[in-house]
Amino acid sequence: MRHRDSPKDHLVVENYLVEGYLGYDKLGYDKSDGNMVINKTLVFSTRGSGHLIDITNHVNGVLAESGVHNGILTVFVVGSTAAITTLEYEPGLIKDMTELYDKLAPANKRYAHDETWGDANGFSHVRAALQGPSLTVPFEDDRLFLGTWQQIVLADFDHRPRSRSVVVNIIGE
Ligand code: ZN
């Protein structure tokens, strides 16, 4: 298992478990018409508690390996206390978003969900539901249509560190 530490920013990925997805990877199958469908799962370890992780490079890596040149790419996080969005990934906006999440669904408030299961993460579910679990990005000539200051971000809202599976699904030719 190879661990790749964040190149420059501790807020970025802590562990990129490259081998983590190989076991249950459905590698692209090449149909006679040249269309391809590829599923890869990236595994990230997160700190929880609103940890925002820039996963753009990892998603681009999957696209580069895929052999698919034109199409759409979907990024989907498994689990109901995490989300995927795009942000300009810089400390100021990370702080702004954290403040917004705290305002929209404060952690120190009573949630009915917590009473249902004896959980303490009602706020995590509410934040994740608002943000949504997936993002679709079109691409052409091997390049995603992302703006320069538009990073793909995994948000982990759970109240504890988690291991997160992020499915990258590519459809195209
Ligand atoms: Zn819960």
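Which residues have the most contacts inside the largest nonpolar core? In this predicted model, they turn out to be Ile55, Val153, Leu154, Val166 and Val168, in a core of 27 residues. Several elements chip in with two or more residues each, namely β2 (36-46), β3, α1 (56-66), β4 (71-77), β5, β8 and β9 (162-172). Strand β8 gives the largest share, at four residues. As a general backdrop, nonpolar side chains tend to be buried together in soluble globular proteins.

Leu154 is a handy spot from which to look around. Leaving aside residues up to four places away in sequence, Leu154 touches Phe44, Ile53, Ile55, Val77, Ala82, Ile84, Arg164 and Val166. Two of the names on that list, Ile55 and Val166, also appear among the residues with the most contacts inside the core.

Zooming out, the chain is built from four helices and nine strands. Going along the sequence, these come in the pattern β-β-β-α-β-β-α-α-α-β-β-β-β. Of the chain's 173 residues, 28% count as buried. As for how the contacts are spread, take those with a separation of 6 or more: 74% of them link residues 24 or more positions apart.

Now for the sheet. Three strands form an open sheet in the order β3-β8-β5, and the pairing is antiparallel. Because β3 (51-54) and β5 (82-87) sit at the edges with a single partner strand each, one side of each has no neighbour in the sheet. On average, neighbouring strands here are turned by 30° against each other, direction ignored. In general, the strands of a sheet pair through backbone hydrogen bonds, in either a parallel or an antiparallel way. Here, β3 and β8 (residues 151-156) run antiparallel and are joined by four bridges. Within β3, Leu52 stands opposite Ala155 of β8.

That leaves helix α4, which spans residues 122-131. Its buried residues are Gly122, Phe123, Ser124, Arg127 and Ala128. What do these residues pack against? Their partners are one strand and two helices: β5, α2 (91-104) and α3 (112-117). So much for the helix itself; just after α4 comes Gly132, with a positive phi near 95°. Strand β5 thus shows up in three settings: at an edge of the open sheet, among the contributors to the largest nonpolar core, and as a packing partner of α4.

Key: Residues numbered from 1 in each chain as written. Predicted model: local features only at pLDDT ≥ 70, side-chain atom pairs only at ≥ 80, totals over all residues. Pairing = 2+ DSSP bridges. Axes fitted to C-alpha atoms, helices over the stretch in contact; angles between N-to-C directions. Buried ≥ 20, exposed ≤ 12 C-beta atoms within 10 Å, placed from the backbone. Contact = placed C-beta atoms within 7 Å. Core = buried A, V, L, I, M, F, W, Y, C linked by C-beta atoms within 7 Å.
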